[in-house]
Amino acid sequence: MSSVQSILVTGAAGFIGFHLSQKLLNAGYQVFGLDNLNDYYDQRLKMSRLDILKSNKNFSFHQLDLTDRNAINSLFSEHQFPYVVNLAAQAGVRYSLTNPHAYLESNLHGFLNILEACRHNNTKHLVYASSSSVYGANKKMPFSVHHNVDHPISLYAASKKSNELMAHTYSALYNLPTTGLRFFTVYGPYGRPDMALFLFTKAILENKPIDVFNNGKMRRDFTYVDDIVESIVRLVPRPSKPNAEWSGMTPDPATSFAPYRVFNIGNNKPVELLRFIEVIEEKLGKKAVKNLLPLQDGDVPETFADVEDLRLEVDFKPSTPIEEGIDKFISWYIKYYNITV
Ligand SMILES: NC(=O)c1ccc[n+]([C@@H]2O[C@H](COP(=O)([O-])OP(=O)(O)OC[C@H]3O[C@@H](n4cnc5c(N)ncnc54)[C@H](O)[C@@H]3O)[C@@H](O)[C@H]2O)c1
């Protein structure tokens, strides 16, 4: 890169935001990290990630809430952000059944503040996290960005689909280039304590039973975090452009007459949950005690990403096998939590 480019990463103390910030710093960006450091899960993990990021002189941290409109506006008036990656959100499908309001606040109100700030400050490209959960009740596999996604089955999914609709509106009204990324079950070191790999590893090591939903017959397109951030770093300097072939007569959901698009970022190789658990058991050298349960409300039985559009755009697609990714996670977990095995 010829001159240092500034980028705002929201949710920088989060799992994906941490890995993305590291990769952007290595690529020569000046990274402004934003996070409210909320207590949805262990804040010590967020602080550990931040400590690592703060050791780089090209990283600065801003503890802000996306819903604080004045604070967001001040940040954008104090610094010029040609690029913005919005990862801050209330994540998690199951939590949205019991805490719906958190999703409207961070994911809708918060995202609107980001859209407005980008619009008024000439941001060249806004990249934001959507989710594979937007495919909801769809059954046609693999899930394609060209399929219609109007049947969410959790408020989390509805909030992410809403983000795509809001982004389209800003791309259309104000010519703001936006790219939405539908991540598929992301895992890796410094991963989220509310997600399967972390929960299973912890429980197995503590000789506690693990909850296995849909009797383990669930299939997930588990995607290693390095593959996610590699895709994002390649997409950031490539703002979306209007699709000249787009027609309102046969509207393609993935693109638009406006500078708007969405991509899937998934491994393109779904794995049955029971196989996923087997790999964890092999790596830990210990068997899990499985508590077999039915499919949970809000959960979909299978996810499988079609990533052809991503590959064509950035000449890359995720490919880390779960055996390799789980191994890296467990090595990190054992070291980080100082566990003797
Ligand atoms: N991890 C996955 O498998 C996955 C899958 C699909 C989509 N996503 C999406 O990717 C993004 C990043 O996910 P993650 O796994 O890193 O989650 P995470 O919870 O680890 O990171 C999100 C971060 O955002 C912060 N945050 C939340 N609300 C905020 C607010 N109102 N203001 C400021 N900061 C706030 C949190 O403190 C947290 O550090 C999220 O938008 C999530 O919905 C994740």
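A residue counts as near a molecule when one of its heavy atoms lies within 4 Å of it. The structure here is a predicted model, in which local features need pLDDT of at least 70 and side-chain atom pairs count only at pLDDT 80 or more, while totals for chains, interfaces and linings use all residues. Residues are numbered from 1 along each chain as its sequence is written, and side-chain values use heavy atoms, with hydrogens and water left out.

Now for the ligand and what sits around it. Its shell holds 30 residues, and Asp35, Tyr41, Tyr156, Lys160 and Val186 come nearest. Sorted by type, the shell has 17 nonpolar residues, eight polar and five charged. In this sorting, Ala, Val, Leu, Ile, Met, Phe, Trp, Tyr, Cys and Pro are nonpolar, Asp, Glu, Lys and Arg are charged, and the others, Gly among them, are polar.

Some polar contacts (pairs of N or O atoms within 3.5 Å) can be picked out. The side chain of Tyr41 has an N or O atom 2.5 Å from a ligand oxygen, and for the side chain of Lys46 the distance to a ligand oxygen is 2.8 Å. With Leu66, a backbone N or O atom sits 2.9 Å from a ligand nitrogen. On its own, the ligand has 820 Å² of accessible area (Shrake-Rupley method, 1.4 Å probe), and the protein covers 97% of that.

Helices (DSSP runs of H or I, at least four residues) and strands (E, at least two) are numbered from the N terminus. Helix H1 (15–26), strand S2 (30–35), strand S5 (125–131) and helix H6 (155–174) each give two or more residues to the shell; S5 gives the most, with three.

Terms used: Polar contact = N/O pair within 3.5 Å; in protein donor to acceptor, adjacent residues only side chain to side chain.
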